[in-house]
Amino acid sequence: MESLARGLVRLAKGSARPERAGFLQSITGHFCAPHEDKAMVSCGLDQNQFVISDSEFPGSTRILLKRPSFCPIKHLEERQAAALPEALRGRGVDVGVAVVLQSVDRRVLLTRRAKNLSIFPNIWVPPGGHMEPDEQLLEAGLRELQEETGLRLEPGRFSWTMLGLWESVYPPTLSRGLPRRHHVVTYLLLLSTESHQQLQTRIKADGSEVSAYAWLEPHVLECIAAVEDGAENMGHVPSNLPPTIKATELSGGSAQPTELPIATFLNTAPAAGEDVERVSTGTRFALRLWLDTLAVRDK
């Protein structure tokens, strides 16, 4: 088989040869019924391809693939698809990697994307980005972590596993415009042997990509993960949470400690109009999977 870039998703069913996913093809919908939004799949790198399949293959990982119920690709009408530029319709589905970094004291690092970024500006996510050709998943995750935060994790100082796959489209709802980007994001869980205070001292965030970052505790993350987009709970703060959380903001080339309203992290994606500062829907999906790993480890 010819060598292929790993930046694009390829799909397979049964023993069929993996085929390149089209930009307008729902990755999740390929493996589940039309009314469903999740499926258990096998994924991994196979002959220089990122393959998602309904069947296991050598080196693959069995994992949950999910999309939001409001996924634009799922709801795209034929006339809307025809209105997309031909170059965009001919694009494939890109592969992204995001790192859920957990410190030894069970804090998780989230970053706020810079306001000038072209997709998901001012949204809280784990460090991450595109997977480059010839990269392994872990290599891509560690590279993105270092590029965005300055953190370099030494071999032997962490362990890792795959958490899940998230089908991400931007804009996230059709009410904000037709799709311009389509990714499958692979969430990786990295378990550091260092405390969040130790890791914090080495952070040198790139202000062109990150405008703030925070280490969040499990009880806060549990409330964030419980938020459902579409529910009427914009900014509602449970009584067991503090009104603010400690964070670090980047301004004028320097990093300054600050406190941010916890209500911001509990915001939902508006059904229409401009987006708001919030935790991304995919991040909440990953946090729910992370919380499941905590429950298993605590048994």
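The questions and answers below cover a predicted model.

Biologist: What should be known about the source of the values?
Modeller: In this predicted model, local features need pLDDT of at least 70 and side-chain atom pairs count only at pLDDT 80 or more, while totals for chains, interfaces and linings use all residues. Residues are numbered from 1 along each chain as its sequence is written, and side-chain values use heavy atoms, with hydrogens and water left out.

Biologist: How far apart are the end C-alpha atoms of helix 4?
Modeller: Helices (H or I, at least four residues) and strands (E, at least two) are DSSP runs, numbered from the N terminus. The expected span is 1.5 Å times one less than the number of residues. Helix 4 has 13 residues (137-149), so 18 Å is expected, and this agrees with the distance between its end C-alpha atoms, 18 Å.

Biologist: Which residue just after helix 4 takes a positive phi?
Modeller: Helix 4 has Glu148 and Thr149 among its buried residues. Just after this helix, a positive phi of about 80 degrees is taken by Gly150.

Biologist: How many disulfides does the search find?
Modeller: A disulfide is a pair of cysteine sulfur atoms within 2.5 Å. The sulfur of Cys32 has its closest cysteine sulfur in Cys71, 10 Å away, which is too far for a bond. Over the whole structure, the number of disulfides found is 0.

Biologist: Is Arg278 of strand 15 buried or exposed?
Modeller: Buried means under 20% relative accessible area, exposed over 50%, and partly exposed in between (1.4 Å probe, protein chains only). Arg278 touches residues including Trp124 and Asp229 (contact means heavy atoms within 4.5 Å). Its relative accessibility is 1%, so Arg278 counts as buried.

Conventions:
Lists of a residue's contacts leave out its neighbours within four places in sequence.
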